[in-house]
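Here is a friendly walk through one protein chain. Keep the 3D view open and click along as you read.

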Amino acid sequence: SNGAVRLVSKPSRSQVISGFPNADRDSSCDDPEAAQRKAALELATTKSLLILEPFFTGSHKQLVDVLQEEFPDSACFGLPGTKWHWRARASSLHFAAEIPRSTSSYKVLLCSSVLNLPELVALRPDLAPLLKVVYFHENQLVYPVQQESGKGARDFQFGWNQVLTALCADRVAFNSRFNMVSFLEHLDQFMNSGGMPDFRPKQLRALLEPKCRVVYFPLRLPPPLGERPPKAAATATATASLVLLPTWHSWAKATWASRSAVPCSRTAAHRC
């Protein structure tokens, strides 16, 4: 198939890392699953868009679904959407081993802010020349924990990783204006409140703001009523659905939408 490629690793307690052999290991044995994976890896090296998703579930998966439908010339490497703390800490090393070494066809690397991008680029310098785009579903500077000390205090490292990832990226996209503005406006406060004794970085906003953009989360919507079969249209008219914005808790909003008032485009970016 010439369509998009997707390889989501299965949960495992160990991974062979030395020399990063995983991407190049021989799967010519009689294991059908291994042979299928090898074929997928070979096809992945022919794509131009490399998508990395350390937390492959929920809105993170939905975004990848839409992107791969719209851009079949893409290869996605993912990790199961569990234990996000450890995905944020360790996914860079996993992907460094998993992404094939033959990366000459890749032009763009797209990842979510769960990934520690500078760690990955340091481990795989062959990925450095790619146009690196990071998508923020949420930001750790204002969510989920803002308590600075005591029991339940937030881990400074997660916000720090996102700041470094944004600095390493060529383009930084946020799913809402609130998400982008809150990240930029809290940079100084975050650096001053994290317990860093000295040499706190300054002027971070001036470095980051020029490459930040709002890219609203895409929704797959049903066709307009006039384009549906009569029975489906009648059912839709009598049915209201709740559309929850991805990571709605970031800006505490939800939007009620009637299917009879759906925009004409099947793919629409939701504006809050």
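## A salt bridge with one buried partner

Start with D170, which is partly exposed at 27% relative accessibility. The model you're looking at is a predicted one, so keep that in mind as you go. The side chain of D170 meets that of K132 in a salt bridge, at 3.5 Å from N to O. This pair brings together distant parts of the chain: D170 sits in the loop between α5 and β6, while K132 belongs to strand β5, 38 residues away.

Is K132 buried or exposed? K132 is buried, with a relative accessible area of 7%. Partners like these fit a general idea: side chains of opposite charge can pair when their charged atoms come close.

## More salt bridges

How many salt bridges are there? The count comes to seven. One of them joins D155 and R89, at 3.7 Å from N to O. Here too the pair links distant parts of the chain, with D155 in the loop between β5 and α5 and R89 in helix α3 (residues 84-98), 66 residues apart. D155 is partly exposed, with a relative accessible area of 36%, and R89 is partly exposed as well, at 37%.

Now look at D65 and K61, whose side chains meet in a salt bridge at 3.0 Å, N to O. Both residues lie in helix α2 (residues 58-70), four residues apart, or about one turn of the helix. Why does that spacing suit a pair? An α-helix has 3.6 residues a turn, so residues three or four places apart point the same way. D65 counts as partly exposed at 21% relative accessibility, and K61 is also partly exposed, at 31%. The story has a third member: salt bridges with shared partners join R6, K61 and D65 into one network.

## Rings and a charge

Next come the aromatic side chains. A search of the whole structure turns up six aromatic pairs. In one of them, the ring centres of F156 and W160 are 5.9 Å apart and the planes are at 25°, so this pair counts as stacked; the cut-off for stacking is under 30 degrees. F156 and W160 both belong to helix α5 (residues 156-168), where they sit four residues apart, about one turn of the helix. F156 is buried, with a relative accessible area of 18%, whereas W160 counts as partly exposed at 23%.

Elsewhere, ring pairs link F136, F174 and F183 into a cluster. And remember R89 from the salt bridge with D155? The charged end of R89 also sits over the ring of W86, 4.7 Å from the ring's centre.

## The nonpolar cores

Which residues have the most contacts inside the largest nonpolar core? They are L52, F77, L109 and F183, in a core of 41 residues. Another core lies apart from it, with 14 residues that include L49, C76, V133 and A173.

Zoom in on L109 to see some of this packing. Leaving aside neighbours within four places in sequence, L109 is in contact with L50, L52, L117, L120, L127, L130, L131, K132 and V133. You've already met K132 in that list, as the salt-bridge partner of D170.

F183 is worth a click too. F183 lies in helix α6 (residues 177-185), where N179, M180, S182, F183 and L184 are buried. The buried residues of α6 pack against β5 (131-136), α5, β6 (171-174), α7 (187-193), α8 (204-208) and β7 (212-214).

## What about the cysteines?

A disulfide is a covalent bond between the sulfur atoms of two cysteines. How many disulfides does this model have? The count comes to zero. Take C168: the closest cysteine sulfur, in C111, is 8.5 Å from the sulfur of C168, too far for a bond. The cut-off is 2.5 Å. Another cysteine, C212, counts as buried, at 5% relative accessibility.

## Stepping back

Zoom out to take in the whole chain. Its secondary structure comes to nine helices and 11 strands. Of its 272 residues, 44% are buried. Among contacts between residues at least 6 apart in sequence, 75% join residues at least 24 apart.

Key
Residues numbered from 1 in each chain as written. Predicted model: local features only at pLDDT ≥ 70, side-chain atom pairs only at ≥ 80, totals over all residues. Heavy atoms only, no water. Phe/Tyr/Trp six-rings, centres within 6.5 Å; stacked < 30°, edge-to-face > 60°. Helix = DSSP H or I, 4+ residues; strand = E, 2+ residues; numbered from the N terminus. Buried < 20%, exposed > 50% of the residue type's maximum accessible area, 1.4 Å probe, protein only. Lys NZ or Arg CZ within 6 Å of the ring centre and 35° of its normal. Core = buried A, V, L, I, M, F, W, Y, C linked by side-chain atoms within 4.5 Å. Contact = heavy atoms within 4.5 Å. Salt bridge = Lys/Arg side-chain N within 4 Å of Asp/Glu carboxyl O.
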